[in-house]
Amino acid sequence: MNVTPTETRVAVVENGVLQEIYIERTNHRGLVGNIYKGKVVRVLPGMQAAFVDIGLERAAFIHAAEVGKGDANAPINQLLHEGQSLVVQVTKDPISTKGARLTTQLAIPSRYLVYMPGVDHVGVSQRIEEEGERDRLKELVNNCMEAEGLTGEAGFILRTAAEGVGEDEILADTRYLRRLWRKLEERIKDNKAPSLVYDELPLSLRTIRDLSRPEVSKILIDSRETFQKIEHFTQQYVPEVSERVEYYPGPRPIFELYSVEDEIQRALERKVPLKSGGYLVVDQTEAMTTIDVNTGGFVGRRNLEETIYKTNLEAATAIGRQVRLRNLGGIIILDFIDMTEPEHQRQVLRMLEKMLEKDHTKSKISGVSELGLVEMTRKRTRESLEHMLMEPCKACDGRGSVKTAETICYEIFREILREERAYEAGTYSVLASQQVVDRLLDEDSHGLADLEAFIGKAIKLQVESQYTQDQYDIILQ
């Protein structure tokens with residue numbers, strides 16, 4: 001963990017290689033998990049949804065399936081009306097131009113459990129696969145609920161971290177969550193809408209709660225203040241983690257020591273090199289992300305099919321890591337190099353699935369389509385790394401390319417002709433970038449001379465050093 005007053009960054013490093021990066025900035029912390037008392041401002045029967053004011057800049061969005069018991073077929077205008085107060089939880093942060101996504105089905109997490117008020121259900125994380133352990137944990141929770149008088153008034157989901165824990169730990173979590181919910185009920189009753197009822201833990205403490213599994217060997221923190229907060233938190237809630245938490249006081253920045261800074265920079269690039277000489281090209285758009293696999297300079301020893309198979313296998317490994325590292329979400333289209341052998345296709349898909357097993361975010365992979373594409377979806381709960389750290393280029397307006405100097409010169413010629421027909425000017429001054437002015441004085445000097453002769457007026461050129469290549473102005477004098 002790298003902590004500064006303005007930002008907290010958490011890097012998950014496996015075998016010396018960065019796998020995931022989490023960033024939370026002080027001036028706009030993530031909202032997922034927060035509970036609000038909101039006010040319905042608009043009901044949209046056609047979309048089976050409503051907008052809810054929870055005190056943010058943009059109104060948040062809730063679908064009929066997320067209201068009450070989650071019946072998507074119930075008409076939204078029978079479930080909600082304008083001006084109604086509603087207790088909601090954020091399931092997705094505001095992303096791009098979209099407001100936060102909400103649900104009324106509240107879920108409050110602790111170390112081992114997720115508390116669901118008003119739900120009569122006990123579930124177990126799908127990552128706990130052994131049937132005997134699942135049954136044992138369910139029985140533990142049912143016993144704790146009975147002891148605490150919670151049967152019928154709340155439900156629980158056992159988290160992955162609960163695997164192997166005893167009754168004392170589960171009972172402590174049950175009591176903690178019950179006390180917390182009682183406090184929240186009081187706030188819901190007293191607060192006016194819109195207002196924040198429950199603020200999810202900051203990233204540093206959330207990391208300890210959610211990511212400190214048995215396979216984590218060490219947790220290093222470079223801030224003494226945060227280290228002390230985490231020490232206090234672990235002693236209270238996760239004492240088994242205490243020994244693995246360390247303060248890093250070294251002179252060299254912690255992210256530089258573990259090459260995390262370099263990896264973050266590489267994760268923002270469009271092209272991802274593979275060791276074999278091949279490469280991936282990652283393109284994010286509003287609707288989806290595409291990842292294209294190319295062989296580059298890799299040539300197999302035996303034949304083309306072997307080359308393609310080896311490149312695709314390596315690409316599947318790299319894609320699994322890039323999806324986690326860049327936090328790609330929504331629809332992701334993978335364009336592997338075409339394989340003729342069905343067994344090769346199966347092996348590549350198996351490798352991709354294996355790489356995504358460690359991913360905490362739910363994803364689903366389809367088979368290879370007729371066009372040789374693999375479609376996968378990954379739950380999107382927060383902005384991707386690129387959207388968090390970057391913004392569209394002002395020079396190219398996010399297109400990733402600019403018009404050539406030649407194109408701009410011809411646009412200027414057409415614009416002067418248009419101005420000449422519409423206005424009476426003595427002379428024309430062209431303000432443009434150095435590249436465009438150089439071309440007008442060199443390759444397109446004949447075209448400029450012909451235009452001057454045709455309109456019978458002088459055209460002056462002036463370099464504007466602040467202009468990008470496709471910016472120009474024409475001044476009539």
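E129 is exposed in this predicted model. Its relative accessible area is 67%. The residue sits in the loop that links β11 (122-124) to α2.

E129 also belongs to a negative surface patch. The other members of this patch are E130, E131, D135, E139, E163, E353 and E357. Helix α2 spans residues 131-148. This helix contributes the most to the negative patch, supplying three residues.

A second glutamate, E169, lies in helix α3, which covers residues 167-190. E169 is partly exposed, at a relative accessible area of 34%. That value falls between the 20% and 50% cut-offs, so the residue counts as neither buried nor exposed. The side chain of E169 makes a polar contact with the backbone. Its partner is the backbone nitrogen of G166, at 3.3 Å. E169 was also compared in position with Y423. The two residues are 254 positions apart in sequence. In space, their C-alpha atoms are separated by 83 Å.

S195 presents a buried case. This serine is part of strand β13, which runs over residues 195-198. Its relative accessible area is 15%. Buried means under 20%, and S195 is therefore placed in that class. A polar atom of the S195 side chain lies 2.9 Å from the backbone oxygen of K192.

Notes:
Residues numbered from 1 in each chain as written. Predicted model: local features only at pLDDT ≥ 70, side-chain atom pairs only at ≥ 80, totals over all residues. Heavy atoms only, no water. Patch = residues over 30% accessible without salt bridge, like charges linked within 9 Å, V, L, I, M, F, W, Y side chains within 5 Å. Areas by Shrake-Rupley, 256 points an atom, 1.4 Å probe, with all protein chains shown as cover. Salt bridge = Lys/Arg side-chain N within 4 Å of Asp/Glu carboxyl O. Lys, Arg positive; Asp, Glu negative; His and termini not counted. Charge placed at Lys NZ, Arg CZ, Asp CG, Glu CD. Helix = DSSP H or I, 4+ residues; strand = E, 2+ residues; numbered from the N terminus. Buried < 20%, exposed > 50% of the residue type's maximum accessible area, 1.4 Å probe, protein only. Polar contact = N/O pair within 3.5 Å; in protein donor to acceptor, adjacent residues only side chain to side chain.
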